[in-house]
Amino acid sequence: MNIEIKNLKKKFDANLILKDINMTIEKNKSTIILGQSGCGKSVLIKTIYQLFSFDGGSILYDGKHDVEIDKFSMLFQYGALFDSLKISENIAFTDFINNKTNFDKKVLSLMNDVGLEKSIFHRYPSEISGGMKKRAALARALYKNPKVIFLDEPTTGLDPINSDKINELIIRVITKRKITAVSITHDIKSAIKTGDNYYFIDNGVVKDKGYCKNILKTKNKIFKSFINGAKY
């Protein structure tokens, strides 16, 4: 899915969070949104996801204003697995809550895709590692075969080794499944590794954009300052 965002504005009460956002999220590519905490990244992806309405501008999904929400999925920052549900039930959550019971085969296939052993199928989130939780959350995000996947700080809380593993996994999965990916992150190394295009947001406005492979060559002073202060 190709998503075109033009002059997007979003406010909460009198506080204008997104002031004038223009960007193109290209079909079957990985777009990275970078910026300091509070710059509007999370509000932006939730607005694209239609979790929030907006106050000005437009969002076009393959040239249309309307989109089926089931075409979207999200990997939340800390996984957001349900502690009271088994890993299999978490992954198949959309079917599980509708009392469907024939999801085992699909769950096992997805677990294999994200590198999870079938031995944790009946375990609970408290019984597995942080890296495994991220993988399970990714499997859940992929369960309904989305056209677009949003990833909120996918490497947060992971050590460098597991962060690198998650990055490799994200690349492999979105390439194999031909998914449009939109990620927000502070992790410059992850952005360069997993992204095709980037947008840098500061104070509710896009201040820089380009190819992820060229991030470190940016001439934008604000973005340079962000890079120098970011974890890399």
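**Salt bridges, group meeting**

Okay, let's start with Lys100, which comes out as partly exposed, with a relative accessible area of 44%. Before I go on, keep in mind that this is a predicted model.

So who does Lys100 pair with? The partner is Asp95, and the two make a salt bridge with their closest N and O atoms 3.8 Å apart. Is Asp95 buried or exposed? Asp95 is at 18% relative accessibility, and because the cut-off for buried is under 20%, Asp95 counts as buried.

Now, how many salt bridges do we have overall? The structure holds seven, and I'll just walk you through some of them.

Next up is Glu26 with Lys29. Their closest N and O atoms sit 3.5 Å apart, giving another salt bridge. Glu26 is partly exposed at 30% relative accessibility, and Lys29 is partly exposed too, at 33%.

Then there's the pair I'd like to spend a moment on. Lys176 and Asp113 meet through their side chains in a salt bridge, 3.2 Å from N to O. Which elements are they in? Lys176 belongs to helix 6, residues 160-177, while Asp113 is in helix 4, residues 104-113, so this contact ties together parts that are 63 residues apart in sequence. On accessibility, Lys176 counts as exposed at 57%, whereas Asp113 counts as buried at 15%.

And which residues share a network here? Asp113, Lys176 and Arg177 do: salt bridges with shared partners join them into one.

That's it from me. Have a look at Asp113 and Lys176 in the model, where helix 4 and helix 6 are tied together by that pair.

Definitions and conventions. Residues are numbered from 1 along each chain as its sequence is written. This is a predicted model: local features need pLDDT of at least 70, side-chain atom pairs count only at pLDDT 80 or more; totals for chains, interfaces and linings use all residues. Side-chain values use heavy atoms; hydrogens and water are left out. A salt bridge is a side-chain nitrogen of Lys or Arg within 4 Å of a carboxyl oxygen of Asp or Glu. Buried means under 20% relative accessible area, exposed over 50%, partly exposed in between (1.4 Å probe, protein chains only). Helices (H or I, at least four residues) and strands (E, at least two) are DSSP runs, numbered from the N terminus.
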